[in-house]
Structure formats: C-alpha cells, structure tokens
Amino acid sequence: MAPALTTWVRGVPEFPSAAARAAAAAALAEDASGKDITTEWSVPEDLAATAEIRTRQSGIAAGLPVIAEVFAQVDPEVEVEPAVADGARLADGQVLAHLSGPARSLITGERTALNFLQRMCGIATLTGRYVQAVAGTGARILDTRKTAPGLRALDKYAVTAGGGHNHRLDLAAMVLLKENHIAAAGGVAAAIEAVGRGMARTGQTVESDVEVQTVTQAVEALDAGARWIMLDNMPVADIEQVVKVRAGRADASRILLEASGTIRLDTVLAIAGTGVDLISVGALTHSAPAMDLTMLLTTGPAPCPR
C-alpha cells in the first residue's frame, strides 16, 4: 500500500484572492482600461445595463471570483452575481454570471474578465478529462510548474477545480531533484545525499521528490532512501517493473511513485494501470484550450460579439 499524499500534494485550496487582485490590476493596466476611448465615445455615460457571461461549449467552471475582482477594480458600482460555483459542470449555453452597473464599466472590463475566466475554465476542463480517464485506478492527477508567468496561483487553483491536485507551488516549497541537478551532483545517490546534508545544515525538513529515467536509477534512488520518486518518460513496462520493486521492499508503504513526461489523454490510463500513485501532467496548464465564453449586455444596446 502506498503512503497517503503529503501536504505538498494539495486538494482544493482556498481561492487565491491576493494573487487574483494583483493579476487583475496588471491585466487592466496592460489593457489601458482607464482610457477606453471606444467605450467613452460611443456609450452614454449615464446608461445602466445588465449583462450575462455564458458558455459556448461544455466544461468545468473555474475562476468565478476573478470576475468580481476585475470589475471591482474597474468600477465598484458594478455588481457581479455568480450563477455557478467553481468546479461545477457546465453545459453549452449556460450562464456563469449575471452583472449589472454602468454600461461603460461593464464593457471596459469585459475582455479582461473573460481572458481570466476562459483560461481557468479551460484548465479545469482539461484536468477533469484526465481525472475521469483514470477514475477507479487510485492514481491522482497532479499539475506542474509549467504555468503562465504571473498566473501560477490561478492556474493551479483551476487544476483543483477540475479535480486535480497541486504539485509544488514554487522552488521553495520542496525539493525536486531533476536530471540537471542529478548530473551536476554526480548521480542519483550523490544528489540525495547532498540534499540530506543541506537539510541538516539548515535545519529544514521538507519533502523530496527524485526524478529518474531508468529502472536502474529508480533502484539507486530507493537504496539511497528516496521516499518519493518521479519516473520520467519511462515506458509502461519499466514503470510496472519499478512498481514491483517497490512492492518487494519492507518500506513499500512509505514510498510514493509518480509518473511524468509527455503524458496524454490517450496514454494516461495505461500509466495509471501500472500502480503508480501520482501522475504529473504539464499539459494541464501549458496546453489547455481556452473555454469559449461570451459576455453580452441583456439590457441597453447590445455590443457585437467579438
């Protein structure tokens, strides 16, 4: 039996409000939202309106609180009422949120709000497909640090909305010995020993994950005391062999095995079937298609979809 997931493999966290606030501010500044000349010159200043954000495809909701954050910075008079919760399954044409307030403010904040929401819903939707693909195997789907710069907290939150789990948030969260670390240290065992000395020297105790590419390296890592091993780009047959090696060890219940490396929807089930505990998938955040969403005014003159 494999060990319980560690504290560094997280389930659904609280929404990262501070990160959303900073990201929204940066995005609105990038869009020059205070100088929206098109809206200023074409929309009456005193026009009040309502609007809806709708899906144009099915998927999973993620990032609804970002809408309120964006519009709070555009204009505190805008009211946002989510129609669904993060993690909800969405149908094509479903309403995600109702908005009301000055028409100018609704239109100015539209694209920024949709940019966040379409990315986060897309990540949650792709994650949900991977989670569903391995349902019943016991394997859990993890993300990676292959996130959009400046949006990591939001990207990783979206993964959890889709039913996935978070790997380390940043470089300080835990040790992850990758192939370049191992090469520089002089081998798998040498790298593990060096990390042990570093922990002793600093008084820190953190989780350690060791990346290996071969069965031989995996055995070396086990013999060196590794308790979390990432099997990177290994064939299914080799992964199965490592799982068997773990099963034959007296400390098997303390060892996590993680598969990684160019894992796709059409290969993830076979990998999960080997008996690994974790499967990390960079595609969740670096290749998730954005969800097709639209926001249209429901009172007042309706803008053309764009």
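Tutor: Helices are DSSP runs of H or I with at least four residues, numbered from the N terminus. With that in mind, we can discuss this predicted model, whose secondary structure comes to 11 helices and 12 strands.

Student: Just after H5, which residue takes a positive phi?
Tutor: Helix H5 covers residues 152–161, and the residue in question lies just after that helix. With a phi of about 100°, the residue that takes the positive value is Gly163.

Student: How many of the 10 residues of H5 are buried?
Tutor: A residue counts as buried when its relative accessible area is under 20%. In H5 that holds for Leu154, Asp155, Lys156, Tyr157, Ala158, Val159, Thr160 and Ala161. The helix is thus mostly covered, and of its 10 residues the number buried is eight.

Student: Which elements do the buried residues of H5 pack against?
Tutor: The partners include both helices and a strand, the strand being E2 (59–60). The helices among them are H1 (17–30), H3 (64–74) and H11 (283–286), together with H4. In full, the buried residues of H5 pack against H1, E2, H3, H4 and H11.

Student: Are H4 and H5 parallel or oblique to each other?
Tutor: The axis of H4, a helix of residues 103–133, comes within 7 Å of the axis of H5, and the two cross at roughly 45°. Angles under 35 degrees count as roughly parallel and those of 65 to 115 as roughly perpendicular. The angle of roughly 45° falls in neither range, and therefore H4 and H5 are oblique.

Student: How do the residues of the contact of H4 with H5 divide into nonpolar, polar and charged?
Tutor: From H4, the residues Phe116, Arg119, Met120, Ile123, Ala124 and Thr127 take part, and they meet Leu154, Asp155, Tyr157, Ala158, Val159 and Ala161 in H5. Sorted by type, the residues of this contact come to nine nonpolar, one polar and two charged.

Student: Is the crossing of H7 and H8 left-handed or right-handed?
Tutor: The axes of H7 (residues 188–202) and H8 (residues 215–223) come within 9 Å and cross at roughly 30°, which makes H7 roughly parallel to H8. In this pair Val188, Ala189 and Ile192 in H7 meet Gln217, Glu220 and Ala221 in H8, a contact that divides into four nonpolar, one polar and one charged residue. As for its hand, the crossing in which H7 passes H8 is right-handed.

Student: Is Thr39 buried or exposed?
Tutor: Thr39 is found in helix H2, which spans residues 37–42. Apart from its neighbours within four places in sequence, Thr39 is in contact with Arg104, Ile107 and Thr108. Because the relative accessible area of Thr39 is 5%, Thr39 is buried.

Student: The side chain of Thr39 makes a polar contact with the side chain of which residue?
Tutor: A polar contact requires a pair of N or O atoms within 3.5 Å. At 2.5 Å, the partner whose side chain joins that of Thr39 is Asp36.

Student: A polar contact joins the side chains of Arg246 and which other residue?
Tutor: Arg246 has its place in helix H9 (residues 236–247), and because its relative accessibility is 7%, Arg246 counts as buried. The polar contact made by its side chain is 2.6 Å, and the residue at the other end is Asp277.

Student: Of the 306 residues of the protein, what percentage count as buried?
Tutor: Along the principal axes, the C-alpha atoms fill a box of roughly 75 × 40 × 25 Å. Across the 306 residues, the share that count as buried is 47%.

Notes
Residues numbered from 1 in each chain as written. Predicted model: local features only at pLDDT ≥ 70, side-chain atom pairs only at ≥ 80, totals over all residues. Heavy atoms only, no water. Buried < 20%, exposed > 50% of the residue type's maximum accessible area, 1.4 Å probe, protein only. Polar contact = N/O pair within 3.5 Å; in protein donor to acceptor, adjacent residues only side chain to side chain. Axes fitted to C-alpha atoms, helices over the stretch in contact; angles between N-to-C directions. Parallel < 35°, antiparallel > 145°, perpendicular 65-115°, else oblique. Contact = heavy atoms within 4.5 Å. Nonpolar A, V, L, I, M, F, W, Y, C, P; charged D, E, K, R; others polar. Left-handed = near helix turned anticlockwise from the far one by under 90°.
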